[in-house]
There are 2 protein chains.
Amino acid sequence: MEKNKLARGVAVVGAGMSKFGSFPEKTSRDLFVEAFQEMKHSVDKELDTRNIEAFYLGNFSSDQFEKQAHLAPIIANWVGLSPIPATRVEDACASGGVALREAVLAIASGMYDVVLVGGLEKMTDLPIDQVTEALGTAADTQFEIPAGFTFPGFYAAMATAYLDEYDATPLAFSHVSIKNHKNGALNDKAQFGQTIAEIMKAKKERAVKKGLPEPTWQTEMDFLTDPKGNPAIAWPLTLFDCSPVSDGGAAVLLVAEEIAHKYSAHPIFVIGSGQASDGALHDRATLSYIPAAQEAAEKAYEMAGKKPTDMDLAEVHDCFTIAEIIATEDLGFFERGEGWKAAMAGKTARDGEHPVNTSGGLKAKGHPVGASGVGQVVEVWKQLRGIAGQRQVPGRPSVALTHNVGGSGQTCVVHIFERRNSDE
Amino acid sequence: MEKNKLARGVAVVGAGMSKFGSFPEKTSRDLFVEAFQEMKHSVDKELDTRNIEAFYLGNFSSDQFEKQAHLAPIIANWVGLSPIPATRVEDACASGGVALREAVLAIASGMYDVVLVGGLEKMTDLPIDQVTEALGTAADTQFEIPAGFTFPGFYAAMATAYLDEYDATPLAFSHVSIKNHKNGALNDKAQFGQTIAEIMKAKKERAVKKGLPEPTWQTEMDFLTDPKGNPAIAWPLTLFDCSPVSDGGAAVLLVAEEIAHKYSAHPIFVIGSGQASDGALHDRATLSYIPAAQEAAEKAYEMAGKKPTDMDLAEVHDCFTIAEIIATEDLGFFERGEGWKAAMAGKTARDGEHPVNTSGGLKAKGHPVGASGVGQVVEVWKQLRGIAGQRQVPGRPSVALTHNVGGSGQTCVVHIFERRNSDE
């Protein structure tokens, strides 16, 4: 058979997500029901859920967060899908994207025609130090963690390498944060529905209310460059460079290409999929890019027969702002060492030449780790269908990409989606 | 496309495993290297490991056992396979069997020709109460665990229901234990390489050495029915009804059917695969069988075009002895309520009409949970190739089945393998 080609095409015909945020009163089951219901109602023709033949769930570690492993059959049962095969897929924060890929392969194999993909994480029940420790298990716990690293530390090391190698400025990171909050403010599912300007204003008002001197910040950049507004977390990364700890679920329905029009008048086709793995940070020649991301992107472009300039928009894995800048280079949107300048020049804005993270990204939308990769698909599905509302990319995009990273780049998975002209 | 059929055939061309047992000096990485090396040397033609295109790892919860999530890319890196896609699959104790199924689907999809399947668990580093708690996360922790159950309790409830429904005797459970220890004594990879008679003899000698009165046990059944030899764990299940806590790894190499003869003169074909899910115990009409196992078996038989009487041997999920008896009914080897009589009559012995767990099963070989489903494949591969040594099933078997259960039946996955006559 031809290499890096699927034996059968696959389309997305439904997508939904819960609100991302902190929900102490909800379990992961509740969050998935919200996502599943929205997915169901999003199918524009008819969906009888008894036609769903298999379920793939991306989840990082309900084992640690909720003391609930073996989550896939429980969730399948909770939404009435027993006894279909229910399989959890785990590749740290790339679990959702990898679950999508498994579902694509499963349909291509001929075994199933209709497959549900879920992504789910409930992180906020644990105290924050235990969350950091649980997230740390996504790194190499024999080598990296004993060296004193936590995840902000890994990405701070990558940020430092990047700044050094390209003589870049951390101001570029703040530009990413400002843009993603601006997009997130237009997304009612986002954990942070406020622009940086709104957050700054609220902070100023709180200071005055407390009888403290009013901070002198005039611009968003004033606020983000003042440690009193935006303290360092792991230099050079500040609070507003970090995605939050989140709860959330997302669901996407995939069907075989030849039956896609039974479910939707506007199916979105999965035309490219690439996945790659890598060892820990200390094995890499440089920390200024993620080799697995470059490899995964190459495979996905090759399968899709597309090039970076064909992408009308992308949802990328901005667990930290530096990760978005590196992603735009790994994906070939910009040359190496040019991503930070592109971010500062507004090229990744919603109306820029390479719109990135129109949903608000992990930074503003939230990062319930196992759900993030599936949440990205919800956004590109909405954008390609032209139903993204206030944050719709202008000019009706037809090709979009998702980029989902696990750990500090031990896994990366990239997908490319297309709206076909005949579906207009 | 035709339902429940693969677009492309798949064959096993190599298989290996570490010794199963308790290895405080080893990590899961070490155990997988042992399995991988044996798999490599088992390939009877040539294997260049650079031809391996993807890796699926079955692992229940290294998150909890070793504080290491995101294990798949780490293990792939450890055996020199970066940057290939590396994906962890989790369905509790069925993780290994489900990883195998994902690899089968991935090859059938046309995406890969050569895929490595691993199974791995390192359980013995934690104190035993924490192991029991970690295993408990494979149950429904919102409903089942707060009701006071642990896994011996779940299977004791099933055993009690079975005894009641069919007026059976717990002596049947001991027959399973005796048989599996007899088989395990012929398997140098088994955690328990002793027959029950040998264990009894050693216990008697230890009593005498301590100056205690010599126990009067004459037969294995005397020993197993005396609480001093074989204490109750969760009535009616005793110590020798329970599989142990284990460390271990297993590896299997799958290739597309059309290239199988490049790797092996004796490929073993995967001709059936079935997977099913279910809710928790309290939702079932009866506890005397596992509905997901019956469903998975039906799918696998249908795909293979085979019936239960065609199976020359089977490796089934005997996490507890009652589970083996129920499995032989769920798989259709015996009618409902007849499995316990068949066990007592020796029908599942190595030279019986339905040889079951020739490897020693989970009971004697050991149960490193994520590895168990892959370890089962190692056994049937050896049996079908006629290289199982002293425990070889007589008459050169040609069709074999594996049956792997997660939780108390929330997941079940069944595979059927065949040696083709042209490969003699």
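Which residue stands opposite Ala86(A) in E3(A)? Phe55(A) does, and the views below start from the whole pair before returning to that spot. The model is a predicted one, in which local features need pLDDT of at least 70, side-chain atom pairs count only at pLDDT 80 or more, and totals for chains, interfaces and linings use all residues. Residues are numbered from 1 along each chain as its sequence is written, while chains are lettered from A and ligands numbered from 1 in the order in which they are written.

**View 1. Chain A and chain B superpose by a rotation of 180°.** The shift along the axis is 0.0 Å and the RMSD is 0.0 Å, with copies superposed by least squares on the C-alpha atoms of residues with pLDDT of at least 70 in both. The two copies are thus related as by a two-fold rotation axis. Look for Ser109(A) here: of the residues of chain A, its C-alpha comes closest to the axis, at 1.8 Å.

**View 2. Chain A and chain B each give 54 residues to the contact.** Two residues are in contact if their C-beta atoms, placed from the backbone, lie within 7 Å. Elements giving two or more residues on the side of chain A include strand E3 (86-90), helix H4 (95-108) and helix H11 (291-304); helices (H or I, at least four residues) and strands (E, at least two) are DSSP runs, numbered from the N terminus. That side divides into 24 nonpolar, 19 polar and eleven charged residues. Here Ala, Val, Leu, Ile, Met, Phe, Trp, Tyr, Cys and Pro count as nonpolar, Asp, Glu, Lys and Arg as charged, and the others, Gly among them, as polar.

**View 3. E3(A) pairs with E3(B) in the antiparallel sense.** Three bridges join these strands (two strands pair if DSSP finds at least two bridges between them). Val89(A) has Val89(B) as its bridge partner, and Glu90(A) stands opposite Arg88(B). Within chain A, strand E2 (residues 54-58) runs parallel to E3(A), joined by four bridges. Five of the five residues of E3(A) are buried, that is, 20 or more other C-beta atoms, placed from the backbone, lie within 10 Å of their own.

**View 4. Helix H4 of chain B spans residues 95-108.** Its 14 residues reach 20 Å from first C-alpha to last, close to the 20 Å expected at 1.5 Å times one less than the number of residues. In H4(B), 14 of 14 residues are buried. Just after H4(B), Gly110(B) takes a positive phi of about 90°.

Note on methods:
A residue is buried if 20 or more other C-beta atoms lie within 10 Å of its own, exposed if 12 or fewer, and partly exposed in between; C-beta atoms are placed from the backbone.
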